[in-house]
Amino acid sequence: MILSVKDVYKSYGKEQVLKGITFEIEEPQIIALVGPNGSGKSTLMNIITNLLPADKGEVTVFGKSNRDPNIFREISFMQDNTVLYEYLTGYDHLQFICDVQGLPKKQLLDTADRIGITSYLNKKVKNYSLGMKQHLLLAMAVVNKPKLMILDEPLNGLDPTSAIRVRNLLLALREEGTAILLSSHNLAEIDRVTSSILFLKKGNLIQENMAEFEQVRYQIAVNDVVKAEKSLAEVGIPVEVVDGRLHIYRKDVGLDRVFYLLDQEKIVIDDIEKKVFGSEERYRKIFTEETKSNELVEV
């Protein structure tokens with residue numbers, strides 16, 4: 001077992017932020033933690049890494065209590081850039097980690113090269129852009145070659161080119177045997193790298209296997225939607241009518257059969273649109289109240 005979180009509770013005063021959170025990571029994979037701003041994502045990550053005590057519950061990492069400092073030889077935690085020291089260089093930050101963990105200088109230099117920060121490694125952090133700081137934070141999380149990485153907003157402030165590089169790095173790390181738990185605002189990027197998503201809503205966890213949830217839906221406009229729905233239902237083809245269009249899932253039936261049956265009934269197809277439903281659509285369904293409000297929603 002890589003990570004086990006059992007029945008974790010956390011409150012701030014009278015506000016209960018986490019209500020019995022339970023989940024496990026059994027094998028190397030990339031799992032996303034998603035929820036509105038203030039839903040407790042950072043709180044949960046801080047509890048997992050023992051930077052914040054839980055009111056109740058248990059967290060184990062590779063079978064050891066998360067209170068055992070030795071676990072940090074096997075895990076890493078990437079926080080936001082407020083943990084950086086502006087008067088130190090990127091090299092200074094990585095060297096400190098290597099000194100604490102007894103890692104060779106070569107590992108530091110190899111990591112800097114892999115992340116792509118060699119050109120500004122000896123510059124002071126006060127001269128870094130937001131993207132450069134994110135790359136340094138990622139290098140700090142990777143340098144000890146962890147088996148479990150906890151990443152809080154690793155894509156924050158990255159341009160599209162850098163985001164693609166980070167995505168490819170995360171996928172490569174997973175292939176190398178590293179499990180990754182990350183939070184991100186970027187649901188499109190989450191779809192590209194994650195196998196499961198943990199939706200955090202009002203202190204409760206909703207776990208989704210994206211391979212099972214992600215669906216391809218065809219929206220078909222016809223000249224007689226009532227007749228089309230009835231005809232398809234009579235032969236056992238599941239169909240929904242939304243905004244005057246037929247909605248059919250690819251996994252339920254082949255389109256060729258649908259086209260044939262509609263043609264037999266003299267129903268004319270005016271238009272067809274393919275839609276792929278992933279984490280953003282799932283988010284909208286789970287957080288209906290938040291997405292309908294006029295307030296800015298962070299995920």
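I began with Arg-174, which is partly exposed at 27% relative accessibility. This is a predicted model, so I treat each value as a property of the prediction.

**Entry 1: charged pairs**

I looked for the partner of Arg-174 and found Glu-175, with which Arg-174 forms a salt bridge; the closest N and O atoms are 3.0 Å apart. Glu-175 is exposed, because its relative accessible area is 60% and exposed means over 50%.

How many salt bridges are there by this rule? I counted eight.

Next I looked up Lys-147. Its salt bridge is with Glu-74, and the closest N and O atoms are 3.6 Å apart. I checked where the two residues sit, and the pair links distant parts of the chain, 73 residues apart. Lys-147 is in the loop between helix 4 (130–142) and strand 7 (148–152). Glu-74 is in the loop between strand 5 (64–65) and strand 6 (75–78). Lys-147 has 44% relative accessibility and counts as partly exposed.

I then turned to Arg-114. Its side chain meets that of Glu-176 in a salt bridge, at 2.7 Å from N to O. Arg-114 lies in helix 3 (residues 105–115), while Glu-176 lies in the loop between helix 5 (160–175) and strand 8 (179–183), so this salt bridge ties together parts that are 62 residues apart in sequence. I looked up the accessibility of both ends. Arg-114 counts as partly exposed at 38%, and Glu-176 counts as exposed at 52%.

**Entry 2: aromatic rings**

How many aromatic pairs are there by this rule? I found two.

One pair is Tyr-85 with Tyr-87, which is edge-to-face: the centres are 5.9 Å apart and the planes are at 65°. Tyr-85 is partly exposed, with a relative accessible area of 46%, and Tyr-87 is exposed at 56%.

I also looked up Tyr-120 and Tyr-128. Their ring centres are 5.1 Å apart and their planes stand at 80°, so this pair is edge-to-face. Are these two rings buried or exposed? Tyr-120 is buried, with a relative accessible area of 9%, and Tyr-128 counts as buried at 7%. Both values fall under the 20% cut-off for buried.

**Entry 3: a sheet**

I traced an open sheet of four strands, with the order 2-1-4-5 and antiparallel pairing. Which strands stand at the edges? They are strand 2 (15–25) and strand 5; each has a single partner strand, so one side of each is left without a neighbour in the sheet.

I followed strand 5 to its partner. Strand 4 (residues 56–61) is joined to strand 5 by two bridges, and the two strands run antiparallel. I looked up Thr-60, and its bridge partner is Ser-65 in strand 5.

**Entry 4: positive phi**

I noted Lys-202, which has a positive phi of about 50° although it is not a glycine. Where is Lys-202 found? Lys-202 is in the loop between strand 9 (196–201) and strand 10 (204–209). Lys-202 is exposed, with a relative accessible area of 52%.

I noted Lys-266 too. It is not a glycine, yet it has a positive phi of about 60°. Lys-266 is in the loop between helix 9 (255–264) and strand 14 (269–277). Its relative accessible area is 71%, and it counts as exposed.

Conventions:
Residues numbered from 1 in each chain as written. Predicted model: local features only at pLDDT ≥ 70, side-chain atom pairs only at ≥ 80, totals over all residues. Heavy atoms only, no water. Salt bridge = Lys/Arg side-chain N within 4 Å of Asp/Glu carboxyl O. Buried < 20%, exposed > 50% of the residue type's maximum accessible area, 1.4 Å probe, protein only. Pairing = 2+ DSSP bridges. Phe/Tyr/Trp six-rings, centres within 6.5 Å; stacked < 30°, edge-to-face > 60°.
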